[in-house]
Each structure stands twice: as C-alpha cells, then as structure tokens.
Amino acid sequence: MPAYHSSFNELPDVRQVGNMSILPIRTKIRGPAPIADASEADVLDETLDLFRANSLFRNFEIKGPADRVLIVLILFVSDCLAKIGSARTVPAQIEASKTLNTLAVDSFAIPGDASFPLNSHYAAPASRADADHLRGYLVQLRQELAARLIERLYADGTGKPSKWWMSFQKRRFMNRSLA
C-alpha cells in the first residue's frame with residue numbers, strides 16, 4: 001500500500017524555493033507565507049490528517065514539491081510528540097503550547113545545510129535571499145502547526161494529551177528525525 005501524497009502537488013503558479021513549494025496557509029502568525037482561503041484546507045491541515053497514516057511508512061516516493069513540504073512537516077510533528085512525551089510529567093495544554101512554540105522557533109537546519117537529514121532529496125536554495133525566505137516560511141509553518149497540533153492533542157478537554165496521538169511519539173516517518 002503506498003503512502004498518502006499531498007493534494008497540493010498539482011497547484012498551478014506556486015512559488016518554489018529550492019524544490020519546495022511555498023504554499024498558502026491560514027494563519028494569524030506573521031511571515032512570508034501567502035494567505036489561504038479560510039474555507040479551504042491547507043497544507044497544515046493535510047499534514048495533521050495524514051500524519052498517523054504516513055508515519056507507518058518507511059519509504060515515501062516524492063511526487064512533487066508539495067510532498068517535500070509534507071515530509072518536513074510530518075517529521076516536525078513527530079519531533080513535537082517526542083518532545084511532549086519526554087517530559088517528566090504529563091504537560092498541561094498551556095505548558096505544552098509553550099514547549100512546542102519554543103521548539104518551532106529554535107534554530108533548525110534547512111535544505112542545503114550540512115546538518116539537514118534529507119539533503120539527498122532536497123535542492124538547496126539558489127541564493128541567500130531564497131534561503132532566508134525559506135527559513136522564514138518554515139518557521140511560520142512550524143509555529144502554526146504547533147498551535148494546531150496542541151488543539152488536536154488536547155481536544156477532549158481532560159487536560160491530558162490524547163493517547164491516540166501520543167502513541168505515535170516513538171514512530172519515525174522514513175526512519176528519520178529533524179532533531
């Protein structure tokens with residue numbers, strides 16, 4: 001059974017940096033991402049919907065530039081769950097939100113950096129300006145994704161993260177991690 005791919009691979013007129021798409025998102029966080037229509041799902045919704053299914057796969061065939069964004073975001077969700085799961089006590093929603101927001105803005109490698117784990121599948125940005133734009137875009141995606149993940153993890157109102165989401169904290173998509 002093949003992995004699930006991004007539905008945004010076929011979007012026309014999408015800017016690319018390296019070989020990653022700069023896709024529109026619904027967000028209140030400032031950044032370089034184009035603003036998406038509020039009534040439609042964006043790549044972050046798609047990431048959260050496909051995370052649990054795709055995290056079971058070791059191989060992932062990249063079919064377009066939006067798949068590369070999806071891979072990076074799925075690996076980030078995996079790192080977020082591992083961060084929450086590694087806490088000594090089960091964090092409350094506010095505490096988890098602070099932890100994941102810090103993780104989202106921490107220094108991280110982008111395609112082209114020597115420490116980026118998937119450099120063989122990604123092209124480096126063409127210029128320094130493109131690299132800065134990509135880093136800003138990824139920071140914005142990570143912040144918004146962390147906020148939406150917290151909403152899903154704590155949706156039941158018990159103050160504890162969902163055991164159905166936390167059961168994926170040790171799973172590694174493509175046997176990789178961004179950390």
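Helix axes here are lines fitted to C-alpha atoms over the stretch in contact, and the angles between them run from 0 to 180 degrees between N-to-C directions. Keep that in mind as you click through this predicted model.

**Stop 1: α2 against α4**

Select residues 65-85 for α2 and residues 128-153 for α4. The two axes cross at roughly 50 degrees and come within 10 Å of each other. That angle makes the pair oblique, and the crossing is right-handed. Now show side chains. From α2, pick Val69, Val72, Leu73, Phe76, Val77, Cys80, Leu81 and Ile84. Facing them from α4 are Leu138, Leu141, Arg142, Leu145, Ala146, Leu149, Ile150 and Leu153. Colour this contact by class and you get 15 nonpolar residues, no polar ones and one charged.

**Stop 2: bring in α3**

Keep α2 on screen and add α3, residues 93-105. Here the axes lie 10 Å apart, at an angle of about 135 degrees. Angles over 145 count as roughly antiparallel, so α2 and α3 are classed as oblique. Their crossing is right-handed. To see who touches whom, select Phe76, Asp79, Cys80, Lys83 and Ile84 on the α2 side, then Ala96, Thr99, Leu100, Leu103 and Ala104 on the α3 side. By class, this contact holds seven nonpolar, one polar and two charged residues.

**Stop 3: α3 against α4**

Hide α2 for a moment and look along the remaining pair. How far apart are the axes of α3 and α4, and at what angle do they pack? They sit 9 Å apart at about 165 degrees, and α3 and α4 are therefore roughly antiparallel. The crossing of α3 with α4 is right-handed. On α3, highlight Gln93, Ala96, Ser97, Leu100, Asn101, Leu103, Ala104 and Val105. On α4, their partners are Val139, Arg142, Gln143, Ala146, Leu149 and Ile150. The class count for this contact is nine nonpolar, four polar and one charged.

**Stop 4: the largest pocket**

Bring α2 back and switch on a surface. The largest pocket holds about 200 Å³ of space. To find its middle, select Asp79, Leu103, Arg142, Leu178 and Ala179, which lie nearest the centre among the 13 lining residues. Some of these names should ring a bell: Asp79 and Leu103 took part in the contact of α2 with α3, and Arg142 of α4 meets α3. Which helix gives the most to the lining? That would be α2, with four residues. Overall, the lining divides into seven nonpolar, two polar and four charged residues.

**Stop 5: the cavity**

Last, clip into the interior. Searching the whole structure for cavities of 30 Å³ or more turns up one. The largest cavity has a volume of about 70 Å³. Select its lining to see it: Val72, Phe108, Ala109, Phe116, Pro117, Leu138, Arg142 and Leu178. Seven of those count as nonpolar, none as polar and one as charged. Before you close the viewer, leave Arg142 and Leu178 lit up. Both are in the cavity lining, and both are also among the residues nearest the centre of the largest pocket. Val72 and Leu138, also lining the cavity, appeared back at the first stop, in the contact of α2 with α4.

Conventions. Residues numbered from 1 in each chain as written. Predicted model: local features only at pLDDT ≥ 70, side-chain atom pairs only at ≥ 80, totals over all residues. Heavy atoms only, no water. 1 Å grid on protein atoms, 1.4 Å probe; cavity = no way out; pocket = protein on both sides within 12 Å on 5 of 7 lines; lining within 4 Å. Points joined across faces, edges and corners; volume = space filled by probe spheres on them. Helix = DSSP H or I, 4+ residues; strand = E, 2+ residues; numbered from the N terminus. Nonpolar A, V, L, I, M, F, W, Y, C, P; charged D, E, K, R; others polar. Parallel < 35°, antiparallel > 145°, perpendicular 65-115°, else oblique. Left-handed = near helix turned anticlockwise from the far one by under 90°. Contact = heavy atoms within 4.5 Å.
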